[in-house]
Amino acid sequence: QVQLVESGGGLVQPGGSLRLSCAASGRTFRSVARGWFRQAPGKEREFVAAINWSARSTYYADSVKGRFTISRDNANDTVYLQMNSLKPEDTAVYYCAVGRRPSYSSGIYSEENEYTNWGQGTQVTVSS
């Protein structure tokens, strides 16, 4: 059974940091792109970041650029999202996902239908 398990979420004060992890089991996803999305209460799920299979290319939503960093450890089939300078508007459930392609060279990396397997999500709350 294929599973993606996110961890690392929690409650943090504005300006703080969190590191999310997404571990895969059941099969390997080392040869495909990976992504992070988020869904805030009452809003649609939105793209956050993506990384190609080789980690040579990364992509970010404008709202997180310069604050978040996506990375991957293919040896452990795990993807990370380092989140710094967190803001209350970053509060959401964060989901990791597996891409359909090894790499993306255009804006389609932000489209949900470009991703297959999804994790259950981890809650991130930014509040004082």
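**Exercise 1. Identify the bridge partner of I51 in β6 and describe the pairing of β5 with its neighbours.**

Solution. Step 1: I51 has T58 as its bridge partner in β6. The model is a predicted one, in which local features need pLDDT of at least 70, side-chain atom pairs count only at pLDDT 80 or more, and totals for chains, interfaces and linings use all residues. Residues are numbered from 1 along each chain as its sequence is written, and side-chain values use heavy atoms, with hydrogens and water left out.

Step 2: β5 and β6 pair in the antiparallel sense over three bridges; two strands count as paired if DSSP finds at least two bridges between them. Strands are DSSP runs (E, at least two residues), numbered from the N terminus.

Step 3: The hairpin of β5 and β6 has six residues between the strands, and A55 in the turn has a positive phi of about 70°.

Step 4: β4 and β5 run antiparallel and are joined by five bridges. R38 has E46 in β5 as its bridge partner. The hairpin of β4 and β5 has six residues between the strands, and G42 takes a positive phi near 75°.

Step 5: Five of the six residues of β5 are buried, where buried means under 20% relative accessible area, exposed over 50%, and partly exposed in between (1.4 Å probe, protein chains only).

**Exercise 2. Locate N52, state whether N52 is buried or exposed, and list what N52 touches.**

Solution. Step 1: N52 is found in the loop between β5 (46-51) and β6 (58-60).

Step 2: The relative accessible area of N52 is 6%, so the residue is buried.

Step 3: Not counting residues up to four places away in sequence, N52 touches A33, S57, Y59, R72, P102, S103 and Y104. Contact here means heavy atoms within 4.5 Å.

**Exercise 3. Describe the salt bridges, with the setting of the residues involved.**

Solution. Step 1: The structure holds seven salt bridges, each a side-chain nitrogen of Lys or Arg within 4 Å of a carboxyl oxygen of Asp or Glu.

Step 2: One of them joins E112 and R45 at 3.0 Å, N to O. This pair links distant parts of the chain, 67 residues apart: E112 is in the loop between β9 (92-99) and β10 (115-118), and R45 is in the loop between β4 (34-39) and β5. E112 is partly exposed at 31% relative accessibility, and R45 is partly exposed at 26%.

Step 3: R101 and E114 meet in a salt bridge of 2.7 Å, N to O. R101 and E114 both lie in the loop between β9 and β10, so the pair ties together parts that are 13 residues apart in sequence. R101 is partly exposed, with a relative accessible area of 37%, whereas E114 is buried at 9%.

Step 4: D62 forms a salt bridge with K65, with the closest N and O atoms 3.1 Å apart; D62 is exposed, with a relative accessible area of 66%.

Step 5: A network of salt bridges links R38, E46, R67 and D90.

**Exercise 4. Determine which cysteines form the disulfide and which parts of the chain they tie together.**

Solution. Step 1: A search of the whole structure finds one disulfide, that is, a pair of cysteine sulfur atoms within 2.5 Å.

Step 2: The disulfide joins C22 to C96, with an S to S distance of 1.9 Å. C22 lies in strand β3 (residues 18-25) and C96 in strand β9, so the pair ties together parts that are 74 residues apart in sequence.

Step 3: The torsion about the S-S bond of C22 and C96 is about 50°, so the disulfide is right-handed.

Step 4: Both ends are covered: C22 is buried at 0% relative accessibility, and C96 is buried at 1%.

**Exercise 5. Describe the largest nonpolar core and the contacts of Y94.**

Solution. Step 1: In soluble globular proteins, nonpolar side chains tend to be buried together. A nonpolar core is a set of buried Ala, Val, Leu, Ile, Met, Phe, Trp, Tyr and Cys residues joined through side-chain atoms within 4.5 Å.

Step 2: The largest such core has 37 residues, and those with the most contacts inside it are W36, L81, M83 and Y94. β3, β4, β5, β6, β7 (68-73), β8 (78-83), β9 and β11 (122-126) each supply at least two residues of this core.

Step 3: Leaving aside neighbours within four places in sequence, Y94 is in contact with residues including W36, F37, R38, V48, L81 and M83.

Key
Helices (H or I, at least four residues) and strands (E, at least two) are DSSP runs, numbered from the N terminus.
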